[in-house]
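Please open the structure in a viewer and keep the sequence panel visible. The stops below are arranged so that each selection leads on to the next.

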Amino acid sequence: MAGKARACRARVVAVRRLTPRVLEADLRMEEPPELDFAAGQWVSVPFGPKTVRAYSIASPPTRPRVLTLCADVSPGGLGSRWFAGLAPGAAVGFTGPLGGFVLARADARRPLFVAEEIGIVPVRSILAWLDETGFGRPARLVAWARDPGGLVYDAECRSLARRHPAFVYHAVVASADGPWREAAGGLAEVVGRVASDVGGLVAYVAGGEATIHAVRDLLVAKGLERKSVKWEKFW
Ligand SMILES: Cc1cc2nc3c(=O)[nH]c(=O)nc-3n(C[C@H](O)[C@H](O)[C@H](O)COP(=O)(O)OP(=O)(O)OC[C@H]3O[C@@H](n4cnc5c(N)ncnc54)[C@H](O)[C@@H]3O)c2cc1C
């Protein structure tokens, strides 16, 4: 169980560029010294009395002293500019942990993760956590991106799939002429093939609203209960 959300202070200790538009930042917790969170949760960064941006924690809860955040800075707004400007030594204030896009250890259902582009971040935390603590159940991930460079954590997911036979990874890249040009349509089609049997399934969908709706409608049409589709809307 994760702790209650609270105001936190941390300091940037490292920044890495994963792709031309995606950055990772490691934040060492200062107050509290460890953040008690569940894999899949996020933090809220304030930019004014009523302006915040949310960032999912990319690292697993087994590492509570240094959190990794990961952002696609291509939207170019307030949040992207802030993230792109982070440098070692910078102080960061946020509220967290927040959100219910989490996997309960006791839930025996087979998770199907669906990530559109940077929506992979909370899924990465959950997968890293399962990797460290034991999968114990079959799991699948369908990740979609506009181009191969948009498949953030692709190498890691491939390595995970090689090490855990119970984990299957489907990476889908959009093509100009194929059915994958639009995330919502392309992803839903792959998900339809991957989830031929929705019995005992629980879906975790993260990314844009159109994709979340398309994937949820498809799974519900196949017989999955609506409440068995968890989602995290990034945009
Ligand atoms: C629960 C939650 C968790 C999130 N976790 C992450 C995360 O881990 N990493 C991350 O990069 N972002 C994450 N986001 C999105 C993040 O909060 C910001 O919206 C994002 O960084 C853009 O902020 P901005 O101020 O730069 O752009 P804004 O000026 O706020 O947005 C510009 C426009 O771009 C759209 N948009 C935002 N992000 C994307 C995107 N990736 N692709 C396409 N369009 C987009 C917005 O809807 C808006 O229309 C999360 C959002 C939520 C609600």
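## The antiparallel sheet

Begin by selecting the six strands that make up an open sheet with antiparallel pairing, in the order β4-β3-β6-β1-β2-β5. The model shown is a predicted one. At the edges of this sheet are β4 and β5, each with a single partner strand, so one side of each has no neighbour in the sheet. From one strand to the next, the twist averages 40°.

Within this sheet, select strand β1, residues 6-19, together with β6; the two run antiparallel and are joined by six bridges. To locate one of the pairs, display Ala7, whose bridge partner in β6 is Thr95.

Remain on strand β6, which covers residues 91-98 and contains Pro97. The peptide bond that leads from Gly96 to Pro97 is cis, with omega near 0°. For another cis peptide bond, select Glu31 and Pro32, where omega is about -5°. Pro32 belongs to the loop between β2 (22-31) and β3 (42-48).

## The surroundings of the ligand

Next, display the ligand and the 22 residues around it; those that come nearest are Ala54, Gly77, Gly79, Ser80 and Trp235. Which elements give two or more residues to this shell? They are β4 (51-56), β5 (66-72), α1 (78-84) and β11. Strand β4 provides the largest share, with four residues. Colouring the shell by residue type shows 11 nonpolar, six polar and five charged residues.

## The parallel sheet

Now select the five strands of an open sheet with parallel pairing, ordered β9-β8-β7-β10-β11. Its edge strands are β9 (167-173) and β11 (229-233), each of which pairs on one side only. The twist here averages 10° from one strand to the next. Strand β11 has already appeared on this tour as one of the contributors to the shell around the ligand.

Add helix α4, residues 183-194, to the view. This helix packs on the sheet and touches β7 (110-116), β8, β9 and β10 (201-207). The direction of α4 makes about 160° with that of β8.

Turn then to strand β8, residues 139-145, which pairs with β9 in the parallel sense over seven bridges. One position to display is Ala145, which stands opposite Val173 in β9. Strand β8 is also joined to β7 by five bridges, again running parallel. On that side, Glu116 stands opposite Trp144 in β8.

Are the residues of β8 buried or exposed? Seven of the seven are buried, so the strand is largely enclosed by the rest of the structure. Displaying the side chains shows that both faces are covered: Ala139, Leu141, Ala143 and Ala145 lie on one side, and Arg140, Val142 and Trp144 on the other.

## Two loops with positive phi

From β7, continue into the loop between β7 and α2, where Glu117 lies. Phi of Glu117 is near 50°, a positive value in a residue other than glycine. Glu117 has 25 other C-beta atoms within 10 Å and is therefore buried, the cut-off being 20 or more.

The second stop of this kind is Tyr153, in the loop between β8 and α3 (154-163). Tyr153 is not a glycine, yet its phi is positive, at about 65°. This residue also counts as buried, because 23 C-beta neighbours fall inside 10 Å.

## Helix α2

Finish by selecting helix α2, residues 120-133. At 1.5 Å a residue, its 14 residues should span 20 Å, and the end C-alpha atoms are indeed 20 Å apart, so the two values agree.

How many of the 14 residues of α2 are buried? The number is 11, so the helix is largely enclosed by the rest of the structure. To see them, select Ile120, Val121, Pro122, Val123, Arg124, Ser125, Ile126, Leu127, Ala128, Trp129 and Leu130. When rotating the view along the helix, it helps to recall that an α-helix has 3.6 residues a turn, so residues three or four places apart point the same way.

The last selection is Gly134, just after α2, which takes a positive phi of about 105°.

Technical notes:
Residues numbered from 1 in each chain as written. Predicted model: local features only at pLDDT ≥ 70, side-chain atom pairs only at ≥ 80, totals over all residues. Pairing = 2+ DSSP bridges. Axes fitted to C-alpha atoms, helices over the stretch in contact; angles between N-to-C directions. Contact = placed C-beta atoms within 7 Å. Expected span 1.5 Å × (residues − 1). Buried ≥ 20, exposed ≤ 12 C-beta atoms within 10 Å, placed from the backbone. Near = placed C-beta within 6 Å. Nonpolar A, V, L, I, M, F, W, Y, C, P; charged D, E, K, R; others polar.
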